[in-house]
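Colleague: I have a few labels to ask about, and I would like the reasoning behind each one.
Modeller: Go ahead, with the structure in view.

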Amino acid sequence: MTTGAVNLLIIDLSSSDSISSADSICQACIECGFFYLANHGVEEEPFAEVFDQSSNFFSLPLEDKLKLDRKHHSGHKDILPSLRPTIESYYRKVPSAGKRLSSLIALALNLDEDFFDKVGALNKPRGFLRLLHYPGELGSNDEEIYGASAHSDYGMVTLLASNGVPGLQVCRDKSKQPRVWEDVLHIDGAFIVNIGDMLERWTNCLFRSTLHRVMPAGRERYSVAFFMDPNEDCVVECLESCCSEESPPRFPPVRSGDYLEERFRLTNAI
């Protein structure tokens, strides 16, 4: 069941009032697990270039796509010579926004703003960039068709940019049946940020890793997701500010790399 658009908070990363921004992030992460990130320092031009290259890539025949596999580096030069430098340029710009965001998340959790630096999370963090393409129409039968079925992200934080075509939906209460889905509207130039399962675990379920999905919208949707995860040796354990005698830690400490590898292993085993 879809009920309309969700009202997400907008976090201005350029704001000098870090306490107010942190308070807003805390509210957003407790209530929904999603928010917009504006004035993040990544210019509009790299977004447009990434989506142009993504469209070119997904338009290729399968045979040519396979030539762009990591084992065939020369394919980037022969088929889509601008693909690799465009993606690499974008990849270099986004982590700085993610690092500044992590400081605000720390403040939102009543921690020192450099907390994630201190625990080694941002010492060579794991960053994974994924190009996503959703066809406008996926079928004509009576069954409900998904561009991406309901899921939550495994890691710490995801920064998502899209070409503006709708389709992304969130379910704020995954225990409620039937599930209620709300549309996430596009804001030009802003990232859509969502909390992952790892940060939910880190915060003892104070912050919410929210189910989301993508539905066909009648037009092709392109998006690029940057998954920002801690250094693989960082130990994820319940934060002191998120537990008490009344709310003891729900999960044992775990090495970040081990946690992600196990989640991916279980997914691939399905």
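Colleague: Why is K93 called partly exposed?
Modeller: This is a predicted model, and in it K93 has a relative accessible area of 30%. Buried means under 20% and exposed means over 50%. The value for K93 is 30%, so K93 is partly exposed.

Colleague: What makes K93 and E43 a salt bridge?
Modeller: Their side chains meet at 3.9 Å, N to O. The cut-off is within 4 Å, between a side-chain nitrogen of Lys or Arg and a carboxyl oxygen of Asp or Glu. At 3.9 Å the pair meets that condition, so the name applies.

Colleague: How do you know that this pair links distant parts of the chain?
Modeller: K93 is in helix 5, residues 83–108. E43 is in the loop between strand 3 (34–38) and helix 2 (44–58), and the two residues are 50 apart.

Colleague: Which label does E43 get, buried, partly exposed or exposed?
Modeller: E43 has 44% relative accessibility. Exposed would need over 50%, and buried under 20%, so E43 counts as partly exposed.

Colleague: What makes E88 and R84 a salt bridge?
Modeller: The closest N and O atoms of E88 and R84 are 3.0 Å apart, and the limit is within 4 Å, so the pair qualifies. Both residues lie in helix 5, 4 residues apart, about one turn of the helix.

Colleague: What are the accessibility values of E88 and R84?
Modeller: E88 has a relative accessible area of 34%, and R84 has 36%. Partly exposed covers what is in between 20% and 50%, so E88 and R84 are both given that label.

Colleague: Where are the partners of the salt bridge between D197 and R263?
Modeller: Their side chains meet at 3.0 Å, N to O. This pair also links distant parts of the chain: D197 is in helix 7 (residues 197–202) and R263 in helix 8 (residues 256–269), 66 residues apart.

Colleague: Why is D197 called buried?
Modeller: D197 has a relative accessible area of 8%. Buried means under 20%, so the label follows. R263 has 22%, which is not under 20%, so R263 counts as partly exposed.

Colleague: How many salt bridges does the structure hold?
Modeller: The structure holds 13. Elsewhere, E232, D233, R255 and D258 are linked in a network of salt bridges.

Key. Residues are numbered from 1 along each chain as its sequence is written. This is a predicted model: local features need pLDDT of at least 70, side-chain atom pairs count only at pLDDT 80 or more; totals for chains, interfaces and linings use all residues. Side-chain values use heavy atoms; hydrogens and water are left out. Buried means under 20% relative accessible area, exposed over 50%, partly exposed in between (1.4 Å probe, protein chains only).
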